Amino acid sequence: MKKLLLIFTAVLLSNSVLNAQSTFDKKQVLSQMELANKYFMDKWPDTGKTIVTNKERPSNIWTRGVYYEGLMALHEIYPKQAYYDYAYSWSEFHKWGFRNGNANRNADDYCAAQTYIDLYNIEPDAKKLKNTKQCINMLLNTPQNDDWSWIDAIQMGMPVFAKMGVLEKDNRYFEKMYEMYMYSRNNHGDHGLFNPKDGLWWRDADFDPPYKEPNGEDCYWSRGNGWVIAALAKVLTIIPENAPHREQYVKDLKAMAKALVPIQRADGFWNVSLHDPTNFGEKEASGTALFVYGIAYGINNGILDKKTYLPVIEKAWKALTTESLHKDGFLGFLQSTGKEPKDGQPLSYDKIPDFEDYGLGCFLLAGSEIYKMK
């Protein structure tokens with residue numbers, strides 16, 4: 001009897017492990033990513049078409065750059081000629097360059113280089129990197145480290161340095177990336193933009209203390225913090241295991257993930273204002289997707305404990321795919337561009353944000369890491 005009980009217990013444990021490993025249906029995850037992406041590609045068949053909201057902008061601005069980051073993540077797990085061609089057409093239209101040229105310190109503008117480098121790595125051609133090298137080498141060889149004065153810039157710019165360091169086999173890119181990151185972390189504002197006490201980031205110097213939310217808490221904007229944890233995850237996927245300062249990025253990713261667990265909503269989303277649910281307390285998809293990406297990366301690579309963090313991203317991915325993703329691929333509950341909780345409000349299932357591209361990029365990044373889970 002005791003032997004049978006032991007066997008039964010072993011079977012239950014075995015099934016528990018199997019269930020834990022098959023939480024996500026890969027085919028379903030891929031189909032959800034494809035659906036959302038198809039909606040966008042069908043809506044924007046002309047990759048060079050300007051984007052018109054309150055004014056006209058070229059299609060190589062940061063919002064579109066983030067979309068192409070997501071598209072290349074989708075292409076990595078599901079290489080499809082149409083995805084490569086779409087990214088190539090966009091890059092070719094813009095002559096593999098940036099909105100404001102190569103003497104450009106604005107990370108929002110050179111965000112596009114992430115995709116240019118990815119396309120170069122698939123099929124090397126010097127023209128693809130001519131502008132990127134000029135821009136990033138200018139940043140590398142000038143003394144300023146204070147360029148990333150808003151935390152969104154960490155995601156726009158940091159992975160470009162990581163990719164260039166790998167491509168050129170040159171640690172100078174890793175060192176400059178670290179110096180710029182740590183300046184944002186420890187020096188911008190009064191005491192740096194990262195608050196180690198809470199494990200979260202103020203968006204920029206306008207929001208560090210004494211600025212407070214209506215409930216008296218510090219202002220931690222969901223998508224802003226999403227940009228940082230996504231940047232950390234992405235950089236860690238790029239740089240070698242022995243790259244300098246890797247442990248700093250791991251430490252910060254862990255701190256952020258730990259801080260995000262207790263403030264996740266019951267429905268799986270995170271609020272636009274992470275510490276004040278009364279200040280525009282709606283669910284928000286872009287920050288949530290970026291948190292899924294960062295945490296899923298941490299689980300997949302042994303940085304975060306699976307038992308602790310898997311339920312967090314299970315809830316969040318379910319929320320994104322059942323409450324944000326429409327049957328036609330449109331994504332609801334996406335906050336428009338801005339820098340704080342009040343921007344682009346109110347949010348809803350059907351409301352179209354001012355730009356639809358970056359939210360999709362965040363969703364595709366999240367899906368790519370969910371797809372990789374064992």
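**Exercise 1.** In this predicted model, work out how many of the 16 residues of α3 are buried.

*Solution.* Start with the count: 15 of the 16 residues of α3 are buried, so the helix is largely enclosed by the rest of the structure. The cut-off behind that count is a relative accessible area under 20%. Next, lay out the helix: α3 runs over residues 62–77 and reaches 23 Å from its first C-alpha to its last. That is close to the 22 Å expected at 1.5 Å a residue.

**Exercise 2.** Describe how α7 and α9 cross, then say which residues make the contact.

*Solution.* Take the geometry to begin with: the axes of α7 and α9 (residues 171–186) come within 10 Å and cross at roughly 65 degrees. The handedness of this crossing is left-handed. Now the residues: α7 brings Ile-136, Asn-137, Leu-139 and Leu-140, while α9 brings Arg-172, Tyr-173 and Lys-176. Sorted by class, that gives four nonpolar, one polar and two charged residues.

**Exercise 3.** Place Gln-134 and decide: is Gln-134 buried, exposed or partly exposed?

*Solution.* Gln-134 sits in α7, which covers residues 130–140. Its relative accessible area is 42%, so Gln-134 is partly exposed. Then look along the chain: Ala-103 is 31 residues away from Gln-134, yet their C-alpha atoms are separated by 7.8 Å.

**Exercise 4.** Check the radius of gyration of the protein chain against a compact globule.

*Solution.* A compact globule with 374 residues would have a radius of gyration near 21 Å, and the protein chain has 21 Å, so the two agree. For the wider picture, the chain holds 14 helices and six strands, and 59% of its residues count as buried.

Technical notes:
Residues are numbered from 1 along each chain as its sequence is written. This is a predicted model: local features need pLDDT of at least 70, side-chain atom pairs count only at pLDDT 80 or more; totals for chains, interfaces and linings use all residues. Side-chain values use heavy atoms; hydrogens and water are left out. Helices (H or I, at least four residues) and strands (E, at least two) are DSSP runs, numbered from the N terminus. Buried means under 20% relative accessible area, exposed over 50%, partly exposed in between (1.4 Å probe, protein chains only). The expected span of a helix is 1.5 Å times one less than its number of residues. Axes are lines fitted to C-alpha atoms, for helices over the stretch in contact, and angles run from 0 to 180 degrees between N-to-C directions. A crossing is left-handed if the near helix is turned anticlockwise from the far one by less than a right angle, and right-handed if clockwise. Contact means heavy atoms within 4.5 Å. Ala, Val, Leu, Ile, Met, Phe, Trp, Tyr, Cys and Pro count as nonpolar, Asp, Glu, Lys and Arg as charged, and the others, Gly among them, as polar. The radius of gyration is taken over C-alpha atoms; the globule rule is 2.2 Å times the number of residues to the power 0.38.
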